[in-house]
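Thanks for coming, everyone. Let me put the structure up, and then we can walk through it piece by piece.

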2 protein chains.
Amino acid sequence: MENSDELANVLLKWAEVFNNKSIGGLVCFGKEHGLSISQIGALFHLNHGRISSVSQIGDSLGITSAAASQMLDGLLRQGLIVRHEDPDDRRSKQIALTRQGTKIIHNIMKARQHWFSSISNRMTREERKIVINSLNILIEKAEQPASDRNQVNNFTGIKESINQ
Amino acid sequence: MENSDELANVLLKWAEVFNNKSIGGLVCFGKEHGLSISQIGALFHLNHGRISSVSQIGDSLGITSAAASQMLDGLLRQGLIVRHEDPDDRRSKQIALTRQGTKIIHNIMKARQHWFSSISNRMTREERKIVINSLNILIEKAEQPASDRNQVNNFTGIKESINQ
DNA sequence: CCATATATTTAAGCTATCTTAATTATTCAG
DNA sequence: CTGAATAATTAAGATAGCTTAAATATATGG
C-alpha cells in the first residue's frame, strides 16, 4: 500500500485540528476589525493569487460579481486593496492587496502565535527539528504550481465532494 | 538560538498557506448548505470540545448568548446538534453534535482532499514518511490538554471556553 | 428564605450583505 | 460596422444574523 493516501489522511486530520482552533477566532477578528467573512476570504484569496478580477473573487466566495463589487468597495475604503484597470481587457479591474492589506493577513495569522508556541513548547528539541523540516517540505510542495491545477476554481471541488 | 521560535514561525507560514486555500471554500460550503459562518464555527467548536453550553459557544464566536441561541435553533432544525439539560445546572443546556453534525465537519474537510492528494503526489516516498511522522507529532501535541486551557482569546480578549 | 446572579430563550428592531435588474463600457465575432 | 457577449457598477429591495431588553427558570450566598 502506497503511503501517499496515508499522508493525505494525516493532512486531513491536521487540518481538522487546525480548523477547530481557527474558525471562531476568524469570526471574532472580522467583528473587531469591521470585516465581513467574505472580505476576509477576499483578502486571503488575494494573498494567495496576488491579483484577481472582481468576478474571480466573487466566484471564489460563491457570491455574484455585484456583491463582490460592493464588498470590495469596503476594502478599498479601508485601504486594504487597490483597483487597477486591466490593460489587456479594459472592462476588467485588477484587484490587489496593499501593504496594509497584507499586514491584516499577517495579523490574523499572528493571532494563532500563542497556540503555535504552546505546541512548540511541548516538543523536544529533536522533535522540533524534524517537524520544522517537514513543514518546510509541505510549504514548498503546497505552493508549487500543480500539474493538475487547471484554471477552474479550486472551490468548485467542494460541491462535487459534498453531494455524495 | 532556540529552534522553538523557528517552529512557531514555520507553523505560522504553513497556516497561512492553508488558509489561503481554505477560507473561500468554507464560505462557499456554508452558502451551499444553508449554514452561516457562525454555524460552521459552532460545529467546529463542538467537534473540538465535544460538549458546550450555549453561552460558551457564543463566547467562542464573539456573539451574545441570545444570538447563539437563535443560531443553534437552526442547527437543531437541521438535525446537526442536540440540546440536553445539564444535570449539574438545570439552567444550562448541553449542546453536542449528532452523527450527522459530525459528518458535516468531515465533509468540509473532505473538500480539501484533492489538494492534499496533489501535495502528497509531489513528494518522494521518503519525504512522505518523515512528513507523516511529523504531522502525527503535531496532532498529538496540539490535542494535548495544555496548561493554558483557559487562555484568553487573542482576538477578543474573551475567554476561550473549552468544555471539559 | 430572600435577594441577587446566572443561563437560556423570546421578541422587536437594525443593518450589513446578499440578490436581481438596469446601466455603462469594452470586447469579440460575423 | 453591428449585434451579442462580457465585466463591472449602481440601485432597490429582501433577509439573515446581530443587538438590546424583557421574561423565565434555576442557582447561590447571607
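One definition before we start. A residue is near a strand of DNA if one of its heavy atoms lies within 4 Å of that strand. With that in hand, take DNA strand C. Helix 4 of chain B gives the most to the surface near DNA strand C: four residues. Please keep in mind that this is a predicted model.

Let's stay with DNA strand C. Around this strand there are 22 residues. The closest are S38(A), R90(A), S55(B), S69(B) and R91(B). So which elements supply at least two residues each of that surface? From chain A, helix 4 does. From chain B, helix 3, residues 54-61, and helix 4 do.

What sort of residues are these? The surface near DNA strand C divides into five nonpolar, ten polar and seven charged residues.

Now the DNA side. Which parts of DNA strand C come within 4 Å of the protein? Sugar or phosphate makes up 62% of those atoms, and the rest belong to bases.

Here are some individual contacts on that strand. Look at S69(B). A polar atom in the side chain of S69(B) sits 2.7 Å from a phosphate oxygen of DNA strand C. V54(B) uses its backbone: a polar backbone atom there is 3.0 Å from a phosphate oxygen of DNA strand C. R91(B) goes to a base. An N or O atom in the side chain of R91(B) is 2.8 Å from a base oxygen of DNA strand C.

Next, DNA strand D. Again, there are 22 residues around it. S55(A), S69(A), R91(A), S36(B) and S38(B) come nearest. Of the DNA strand D atoms that come within 4 Å of the protein, sugar and phosphate account for 62%.

Which helix gives the most to the surface near DNA strand D? Helix 4 of chain A, with four residues. At least two residues each come from helix 3 (54-61) and helix 4 (65-77) of chain A, and from helix 4 (65-77) of chain B. By type, the residues of this surface are five nonpolar, ten polar and seven charged.

Three contacts on DNA strand D. A backbone N or O atom of V54(A) is 3.1 Å from a phosphate oxygen of DNA strand D. For K93(A), a backbone N or O atom lies 3.3 Å from a phosphate oxygen of DNA strand D. Q70(B) reaches a base: one of its polar side-chain atoms lies 3.2 Å from a base oxygen of DNA strand D.

On to the two protein chains. How are two copies of a chain related in general? By a rotation about an axis and a shift along it. Here, a turn of 179° and a shift of 0.1 Å along the axis lay chain A on chain B, with an RMSD of 0.2 Å. That is the relation of a two-fold axis. In chain A, the C-alpha nearest the axis belongs to S134(A), 3.2 Å from it.

Why do we say the copies meet through the same surface? Because 92% of the interface residues of chain A are also interface residues in chain B.

Now the sheets. Chain A first. This chain has an open sheet of three strands, in the order 1-3-2, with antiparallel pairing. Strand 1 (51-52) and strand 2 (81-85) of chain A stand at the edges. Each has a single partner strand, so one side of each is left without a neighbour in the sheet. Strand 2 and strand 3 (residues 93-97) of chain A pair over five bridges, in the antiparallel sense. R83(A) stands opposite I95(A) in strand 3 of chain A. Helix 4 of chain A packs on this sheet, touching strand 2 and strand 3 of chain A. The direction of that helix makes about 120° with that of strand 2 of chain A.

Then chain B. An open sheet of three strands appears here, order 1-3-2, with antiparallel pairing. The edge strands are strand 1 (51-52) and strand 2 (81-85) of chain B. Strand 1 of chain B is joined to strand 3 (residues 93-97) of chain B by two bridges. Five bridges join strand 2 of chain B to strand 3 of chain B.

Find A96(B) in strand 3 of chain B. A96(B) is the bridge partner of I51(B), and A96(B) is also the bridge partner of V82(B). Finally, helix 4 of chain B lies across strand 2 and strand 3 of chain B, running at about 120° to strand 2 of chain B.

Methods:
Residues numbered from 1 in each chain as written. Chains lettered and ligands numbered in written order. Predicted model: local features only at pLDDT ≥ 70, side-chain atom pairs only at ≥ 80, totals over all residues. Heavy atoms only, no water. Polar contact = N/O pair within 3.5 Å; in protein donor to acceptor, adjacent residues only side chain to side chain. Nonpolar A, V, L, I, M, F, W, Y, C, P; charged D, E, K, R; others polar. Least-squares fit on C-alpha atoms with pLDDT ≥ 70 in both. Contact = heavy atoms within 4.5 Å. Pairing = 2+ DSSP bridges. Axes fitted to C-alpha atoms, helices over the stretch in contact; angles between N-to-C directions.
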